[in-house]
Amino acid sequence: MSSKIVIDPITRIEGHLRVETEVANGQVINAWSTGTLFRGIEPILKNRDPRDAWMITQRVCGVCTYVHGITSIRAVENSIDPYFAVPENARVIRNILGGAQFVQDHIVHFYALHLLDWVDVTRALSAADMNAVVVADQAISSSRERDAAYFADVKQRLSDVATSGQLGPLANGYWGHSGYTNLSPEVCLIMMADYLEALRIQARIIKIHALLGGKNPHPQSMLIGGVSLDLVLDESQWLALYSELNTLSYEAKTFVDTYYLPDATAIASAYPEYRAIGGTNNLLCFGGVADLSSAGDQMFPRGAIFNRATGSVQAVNEAEITEHVARSWYEGSTALNPASGATNPTYTGLDLNDKYSWLKAPRYNGQPMEVGPLARVMVAYGLGIVPAITQLVGDFLASTGMTLPDMYSTIGRTAARAIETKFIADSMYSDWVNELMNRINPQLTTDTVGRVSFTLPSQPTCAGSFLNEAPRGALGHWVSYSSGGGNPQIVNYQMVVPSTWNFGPRDSNDVAGPVEQALVGTPVLNQQQPLEVLRTVHSFDPCIACAVH
Ligand code: NFE
Ligand code: MG
């Protein structure tokens, strides 16, 4: 006998996601992932000027803001010249905008969207001895300096929320579930304190977008050819900018060192059962996050891993990317490469035996692929060419007692996100901010160039693409446009987006998508409170606004 569990909507995500599982003998034996809202950005882009596409594609999402903008710009730049190079100042500014995006986004995910899968708020309220909380806090990280009065205040604030009857973001958790008891009440209170700290720090970090991008979400300072910022600064302007960027990137790095990575380590240590739950078999990374040189050396290398063979990373061939729509609400029956992709919506109702999602089903070499932090970290680790990742993964495994194969799991995915955040936050503070400020220091340089001029190609039809990394994983944009004598118009615009890879439905061969596969085998203790399902779904950090676009 089996039964069905439907979670609709899944909350603490971006966008509209329904997950149905079939459970037998206390375990998930089948799963279906459904994106329940159509967006239509690809059709909206038709007939628009390709130079405007980045402004429109940014509106795919306000969570992974910036990444669709920059990916669009680089796809158009590639249509002009596959070796199109922006000025060094623009390269470094783009890196900092991207870095700030990743660090802020991952902190928001870990604390605001994922933490309550591991921490029971009601348990935090039963912590009684604040001196014991201080001892537990310093056991998680010795660089923390909080006292009993601090935690008593946090407890009081939480208790005030609980008794107000207006729980806000703390409402509707599976509180009291026995799967939460791995963490002591003291550690639950610590984690809730860090949740509140994270709300404050994420707003600080993303101020970097206001400084270099004019606003957040959706920075305004990019252009095809570089950035639109005026880089001619006098001494006092330079000092003011340096002081802000240095302080903000230091706060980001310090928060990751003091709270995020230690908390992720503590959760991974406390929930060893999640090393064997929620894994997938194949990982795909397009490479990116930052261009470390004008030659295009990327912070995270490109590569694919099949069947968990971390040691044999495969090269990526763009021609092997396809999207299936057999089980999605779109016309067509052939799997298409996005360079010739199509988006013609046709809704036929939710039918798990036929069509059941607004997401397409991307495949690489015909296989479903998990994308995201775990793919980036494992590809870099497998290739062994990023010393910081080799070191951070080694340290994490040593401090949690995990093995490398354990990384193919729900907790490994959550760990990889924290590990890469540390690498990015360190690079932003120690390298990129200094690189930019040295480049534009009026006492040291006369190189104030932020953009190059360009001419769109004059062929009847031009095409470009760019493979990038967004916080949730591999992101590709493909554009083709008619040059039309000064009035260029988009003919086709296709995006294949991280959460589309992870949350897409079955393909025309009836092969399930990554999340659908990852959920199979998950134990479910209480079908009224499917906490275990939620843990794995959230570990992918779904953004269904992006995934459908
Ligand atoms: Ni809307 Fe996004 C990221 C992109 S996810 S969050 O990261 O692209 O699919
Ligand atoms: Mg698409």
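Here is a short back-and-forth about some labels used for this predicted model.

Reader: What makes E42, M495 and H549 donors of the magnesium ion (ligand 2)?

Author: Their distances do. E42 (OE), M495 (O) and H549 (NE2) lie 2.1 to 2.2 Å from the magnesium ion, and an N, O or S atom within 2.8 Å of the metal counts, so these three atoms are donors. Water isn't among the atoms, so the site may look incomplete.

Reader: What makes E42 and H549 a pair that links distant parts of the chain?

Author: Along the chain the donors follow the spacing E-x452-M-x53-H. E42 sits in helix α1 (residues 41–45), while H549 belongs to the segment after α17 (544–548), which puts them 507 residues apart. Both E42 and H549 are buried, and that word stands for under 20% relative accessible area.

Reader: Why is N25 called exposed?

Author: N25 has a relative accessible area of 80%. Exposed means over 50%, so the label fits. You'll find N25 in the loop between β2 and β3 (27–35), with a positive phi of about 50 degrees although it isn't a glycine.

Reader: And why is N47 called exposed?

Author: The relative accessible area of N47 is 55%, and the cut-off is over 50%, so N47 is exposed too. N47 is in the loop between α1 and α2 (53–57), and its phi is near 70 degrees, a positive value in a residue other than glycine.

Reader: What makes the peptide bond from D8 to P9 worth a look?

Author: The bond from D8 to P9 is cis, with omega near 0 degrees, whereas most peptide bonds are trans. P9 is placed in the loop between β1 (2–7) and β2 (17–24).

Technical notes. Residues are numbered from 1 along each chain as its sequence is written. Chains are lettered from A and ligands numbered from 1 in the order in which they are written. This is a predicted model: local features need pLDDT of at least 70, side-chain atom pairs count only at pLDDT 80 or more; totals for chains, interfaces and linings use all residues. Side-chain values use heavy atoms; hydrogens and water are left out. Donors are N, O and S atoms within 2.8 Å of the metal (3.2 Å for Na, K and Ca); water is not among the atoms, so sites may look incomplete. Helices (H or I, at least four residues) and strands (E, at least two) are DSSP runs, numbered from the N terminus. Buried means under 20% relative accessible area, exposed over 50%, partly exposed in between (1.4 Å probe, protein chains only).
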